[in-house]
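Subject: A structure to look through, with notes

Dear colleague,

I am passing on a structure for you to open beside its sequence. Please look at it first, and then read the notes below with it in view.

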Amino acid sequence: MEALNGRQQRLAGLARAVRAAVVVPSLFALALLVIRQPEVAGFAVFGTFAHLVMVDYDPAGRARSAESAMLTLLGAVMVSLGTLASANVWLAVGGAIVVGFLTEISPLASGRIAVVRTALLLSFMLGVAVPASVSSVFPYLAGWLLAGLVAQPVLLLLWAPLQTGNVVGEGEAAHESITNPVSIAGSLTWIGNATGTGVAMGLAVLLTRLLKLDHAFWVVLGVLPVLSAKGTSATRTFWQQQGGTLIGCVVGASLLAIIGAYQAWYWVTLPFIVFASTYAASAVGFMVGQAAFTVFAVVLFCILLPQQGQVGVLRVEDIAVGGAVSLVVGSLRHLGEGRPLDWLRRAVQV
């Protein structure tokens, strides 16, 4: 992946924030006020974040369009499969394990599809997290496809061209991986990573069903950041996640106290909240991003479900569950990457 310096990261974060601030409120209003389908609105919002915020696209326009189209089409399949599996708890858990494992295997961890694999995992988990009927596939799919269709022109028009540093070529990297005997240990590492990701996703889904958590998809969002942290940084990421969510809950509660039941003001603040949450996550830091995204969740649900003023508290609970699951699994995975792999590395180097 091409490297960006601090200034370029801020510019890239600004571009992402502008894109999200324009598209998210627009699609949300279209689905909720014109189409009058809350399910379409919800998946349009998350689909927009997946397309416009989560993915580090290729700077070339044609490649960027291809990656976005790939995410739209494959994500539609994942949303459909996840929703169909969600009605049965064991299908849901098994599907989460399989998809979590597949997103970490070597062919998906490299090449063009690697750019969108985290967003693809999210698309499946959003579909499978909450039990739904077969008829729910259509509004969920409509929201996802709507986000994908709008993302194409937006990614072409609102794009900040940045000069990036050169990295080792793919051919050279591939040659090194073939000639390096430590690749055997590397294979075991990705198998361990894939297994850990699958187990974490399956366990997260199982806990949401057993504990009957509200807004179970927040648990999924709690799993991904901590699980992606490497080594000992998982614990730090977990506490940053919890601290940011708690701060966001306090800020969201203060906003609720100020605005109250005046729905129009939530619509007015929505673009600014989307901009702030996207920019914070992209260019400021993880903890600040978590806080800002929690405020965004509070505002979004105050529009979608005005009677649920406690959504900030629910997000704290669900993020804590998801983060704890990934922290435990990540710790076990890290232990598994210790002595056995060190022994193997020494053996293959002899």
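A helix here is a DSSP run of H or I that is at least four residues long, and helices are numbered from the N terminus. With that in mind, Met54 can be placed in helix α2, which covers residues 38-54. Please keep in mind throughout that this is a predicted model.

How far the model can be trusted is worth settling before the details. The mean pLDDT of the protein is 77, and 72% of its residues reach 70 or more. Among the elements, helix α7 has the highest mean pLDDT, at 93, whereas helix α8 (residues 170-179) has the lowest, at 37. Over residues 164-182 the pLDDT is below 50, although this stretch still has 13 contacts in the model beyond near neighbours in sequence. The pLDDT is also below 50 over residues 335-350, a stretch with 16 contacts of that kind. Where pLDDT is low, the predicted coordinates should not be read in detail.

Let me return to Met54, which counts as partly exposed because its relative accessibility is 34%, a value that falls between the 20% limit for buried and the 50% limit for exposed. Leaving aside neighbours within four places in sequence, Met54 is in contact with Phe49, Thr118, Ala119 and Leu122. The C-alpha atom of Met54 is separated by 9.3 Å from that of Arg16, although the two residues are 38 places apart along the chain.

Arg16 also takes part in the one salt bridge that the structure holds. Its partner is Asp56, and the closest N and O atoms of the pair are 2.2 Å apart. Because Arg16 lies in helix α1 and Asp56 in the loop between α2 and α3, the pair ties together parts that are 40 residues apart in sequence. The two partners can be described separately as well: Arg16 counts as buried, at 15% relative accessibility, while Asp56 is partly exposed, with a relative accessible area of 41%.

Turning to the interior, the largest nonpolar core has 75 residues, and those with the most contacts inside it are Phe28, Phe49, Leu71, Met125, Trp218 and Phe296. Of these, Met125 is in contact with Ala96, Met201, Val205 and Val220, once its neighbours within four places in sequence are left aside.

Ser80, in helix α3 (residues 61-86), counts as buried because its relative accessibility is 16%. If residues up to four places away in sequence are not counted, Ser80 touches Val137 and Leu141.

On the surface, a nonpolar patch of about 510 Å² is made by Leu14, Val18, Val22, Leu156, Leu157 and Leu158. Helices α1 (6-34) and α7 (137-157) each supply at least two residues of this patch, and α1 gives the most, with three. Leu156, one of the patch residues, is placed in helix α7 and counts as partly exposed at 45% relative accessibility.

Pro153 is also found in helix α7, and at 40% relative accessibility Pro153 counts as partly exposed. The C-alpha atoms of Pro153 and Ser65 are separated by 8.7 Å, while the residues themselves are 88 places apart along the chain.

With best wishes

Definitions and conventions
Residues are numbered from 1 along each chain as its sequence is written. This is a predicted model: local features need pLDDT of at least 70, side-chain atom pairs count only at pLDDT 80 or more; totals for chains, interfaces and linings use all residues. Side-chain values use heavy atoms; hydrogens and water are left out. Buried means under 20% relative accessible area, exposed over 50%, partly exposed in between (1.4 Å probe, protein chains only). Contact means heavy atoms within 4.5 Å. Patches are made of residues with over 30% relative accessible area and no salt bridge: like charges are joined within 9 Å, nonpolar side chains (Val, Leu, Ile, Met, Phe, Trp, Tyr) within 5 Å. Accessible areas come from the Shrake-Rupley method with a 1.4 Å probe; for residues, only the protein chains shown count as cover. A salt bridge is a side-chain nitrogen of Lys or Arg within 4 Å of a carboxyl oxygen of Asp or Glu. pLDDT is the predictor's confidence in each residue, from 0 to 100. A nonpolar core is a set of buried Ala, Val, Leu, Ile, Met, Phe, Trp, Tyr and Cys residues joined through side-chain atoms within 4.5 Å.
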